[in-house]
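Let's take a walk through this structure together, one neighbourhood at a time. Keep the viewer open and follow along.

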Amino acid sequence: MILACQNIAKSFASADVLRDITFHIEEHEKAALIGVNGAGKSTLLKIITGEMAPDGGQITLSRGATLGYLAQHQNINGDRTIYEEVLDAKQDILDMEREMRRLEARMKTASGSELEGLMDTYTRLTHSFELSNGYACQSEVTGVLKGLGFSEEDFQKELSTLSGGQKTRVALGRLLLTRPDVLLLDEPTNHLDMASITWLETYLMNYPGAVLIVSHDRYFLDRIVTRVIEIESGKSMTFPGNYTVYSEKKAVVRRAEYNAWMNQQQEIRHQEAVIEKLKSFNREKSIRRAESREKMLDKIELLEKPSAPAADMHIHLTPRITSGNDVLTVTELSKSYPGQPLFRNQSFEIHRGERVAIIGNNGTGKTTILKIINGLVKPDGGNVALGAKVHIGYYDQEHQVLHMEKTIFEEISDAYPSMTQTEIRNVLAAFLFTGDEVFQPISTLSGGERGRVSLAKLMLSEANFLILDEPTNHLDIVSKEILEDALREYTGTVLYVSHDRYFINRTATRILELTGETLVNYIGNYDYYLEKKEELTKAYVPSANAGVSAGDSKEPEQPAVSAAQQDWKAQKEAQARQRKKENDLRKLEERIAALEERDRAIDEEFNLPETGTDLPRCQALSREKAEIAEELEGLYEEWELLAE
């Protein structure tokens, strides 16, 4: 064990962010830290590094172990170049090399015992230099920078001229080269293109130390981690395996927790109803039983209400009009900017029902293709033609059609007046807007929040051809999965650009890779793309029927049908038993009500003057009242048993 967190707690104002976080990381282990936005993941990393103090609990780091931390946002500036900043991570090696050069110069003029001493020092220093891989130091720096997407021309750019994303990549490169025993990475794949993410995956898989990663990139986590630590409602739960294994296990745990809470709530309501009924009988024995049940109810340890399973949240996308089979035809499309050719003479078609992902490195022109299709950018050459009855719904983070003076709720309700408040709230909740947040003015939202509102609005537009530019940006994992399910069930057509490989793998039926100014066609999801990438050349070869096998005839599933019939029969028998119990309970309550009514009538008759002088009548009424009391006692017990 190299790192352990024990009962970590942290609050801000009156809000408990972390309440009971307990887990440990083994040496060389790669683990993921996941949770919804605002769960406290970044806060926990800051507590581990000592940047923030916990309100309770303890962080334990193995003696002598070093920590390295990559925050989401970097504030590195100065007049140093990218190369100089990253090379500074190897300062100890640079110092050794400088000392070696100094010793070499001194040895040229030294003699005798001085020379022997210098040679001994030089030998020890050279050995340390070799062990530290000093001779490959500069090539290692170059390899890391290129792996993170910097060209050699970028190496001499000054830090002060870089964007926030570029600064984060510089900080990541420097951190990787320091090789700490424990790497803490907060969203390391942000600002990286696919090639850089793939390089980082390989680097981390071979990294000799332990790694704890906060990331929403599920494909990245699948490839690297062997343990997932989830933060939910301020508490942690650990799952062995990668993200996919966690997702399957978590679905079972979440459903079990939710069912346990629902069952407890149902039992509490039932016991309260029984107590109320027993009290209504107004008998000493039934009142004692009611009080006994109340005491038992008070001792119940109430379960916290878990969040509803993600499977219970759906966005249904239904095109208002069905398009023709040929949705989009692009012919000989070309586009370039001064000094930056993007693509030349590219042709492709998209048919109804396809979900096509355009992938490629940053700057290759993926978003430009979407803008050309939407008429926002003019091509240098070629033609774009939409099919019959095609209605486009376009999501572009740079061109969001929102009304700044409206609230989030008004933006949706005004656009879709037929939707109920509950329906609108459910859709907004899927895009991370809950409670009073839905009444925030659009003008006060961040760019990412406005993007989520635009995406929610688009999902309800009833368009039959959705064009999406990075739709999963600013969404947490649960929202991504809701969007994935919605697109998989969508009967229209989808064309999108994304770097989210897990999202692509779950939703794409075809991939167009933009590389070398050419679109390469892959008929399948991202796993298929990886499998076939080496086999296909950069020249696009139409293969509309590739990978499509003839429909396989299915054998009749007689055992499944038989099992279904058995389930149906058992269900019917259970329903019949339940109906009988309900009928018995109803008849019992009717009999109790009749006897209680007769008991009250006897009491009233006793109060009549003529009854007081009629001894035989008094005796008869007394016997009847005693018989009623005896029968009621038995009926109360029977009712209590049936009520259970």
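Start with Glu605, which, leaving aside its neighbours within four places in sequence, is in contact with Arg598, Thr611, Arg617 and Leu621. Before going further, bear in mind that this is a predicted model. Glu605 belongs to helix H18, which covers residues 558-606. Is Glu605 buried or exposed? Its relative accessible area is 18%, and since buried means under 20%, Glu605 counts as buried.

One of those contacts, Leu621, leads us on to helix H20, where Leu621 is among the buried residues. The others on that list are Cys618, Ile628, Leu632, Leu635, Tyr636, Trp639, Glu640 and Ala643. H20 has 29 residues, and from its first C-alpha to its last it reaches 41 Å, close to the 42 Å expected at 1.5 Å a residue.

H20 (615-643) also turns up as a packing partner of helix H10: the buried residues of H10 pack against H20 and against helix H9 (243-281). So let's hop over to H10 itself. H10 runs over residues 284-298, 15 residues in all, and its end-to-end C-alpha reach of 21 Å is close to the 21 Å expected at 1.5 Å a residue. Which residues of H10 are buried? They are Ser286, Ala290, Arg293 and Leu297. Look down the axis of H10 and these buried residues fall within an arc of 65°, so they line one face of the helix. The spacing makes sense if you recall that an α-helix has 3.6 residues a turn, so residues three or four places apart point the same way. On the face of H10 turned away from the buried side you'll find the exposed residues Glu284, Lys295 and Asp298.

Now for some strands. Strand E3 (residues 30-34) is mostly covered, with five of its five residues buried. That goes for both faces of E3: Lys30, Ala32 and Ile34 are buried on one side, and Ala31 and Leu33 on the other. What does E3 pair with? Strand E7 (residues 210-214) pairs with E3 in the parallel sense over four bridges, and in E7 the bridge partner of Lys30 is Val211. Strand E8 (residues 227-232) also runs parallel to E3, joined by four bridges. Here Ala32 has Val228 of E8 as its bridge partner.

Follow E7 across and you get to strand E6, which pairs with E7 in the parallel sense over five bridges. Val211 of E7 appears again here, standing opposite Leu183. Strand E6 (residues 182-186) is largely enclosed by the rest of the structure, because five of its five residues are buried. As for the two faces of E6, Val182, Leu184 and Asp186 are buried on one side, while Leu183 and Leu185 are buried on the other. One more step takes us to strand E5 (residues 67-70), which is parallel to E6 and shares four bridges with it. In that pairing, Gly68 stands opposite Leu183 in E6.

While we're on strands, have a look at Phe12 in strand E1 (residues 3-12). Phe12 has a relative accessibility of 37%, so it counts as partly exposed. Not counting residues up to four places away in sequence, Phe12 touches Val17, Thr43 and Met52. Arg101 is 89 residues from Phe12 along the chain, and their C-alpha atoms are 54 Å apart.

That brings us to the aromatics. How many aromatic pairs does a search of the whole structure find? There are 14. Take Phe129 and Tyr135: their ring centres are 4.8 Å apart and their planes stand at 90°, so this pair is edge-to-face. Phe129 is buried at 1% relative accessibility, whereas Tyr135 is exposed at 57%. Tyr526 and Tyr529 make a tilted pair instead, 5.2 Å centre to centre with 45° between the planes. Both sit in helix H17 (residues 526-532), three residues apart, about one turn of the helix, and both are buried. Tyr526 and Tyr529 also join Tyr219 and Tyr522 in one aromatic cluster.

Last stop: charges over rings. The charged end of Arg169 sits over the ring of Phe150, 4.4 Å from its centre. Likewise, the ring of Phe433 has the charged end of Arg452 over it, 4.6 Å from the ring centre.

Key. Residues numbered from 1 in each chain as written. Predicted model: local features only at pLDDT ≥ 70, side-chain atom pairs only at ≥ 80, totals over all residues. Heavy atoms only, no water. Buried < 20%, exposed > 50% of the residue type's maximum accessible area, 1.4 Å probe, protein only. Contact = heavy atoms within 4.5 Å. Expected span 1.5 Å × (residues − 1). Arc of directions from axis to C-beta. Phe/Tyr/Trp six-rings, centres within 6.5 Å; stacked < 30°, edge-to-face > 60°. Lys NZ or Arg CZ within 6 Å of the ring centre and 35° of its normal. Pairing = 2+ DSSP bridges.
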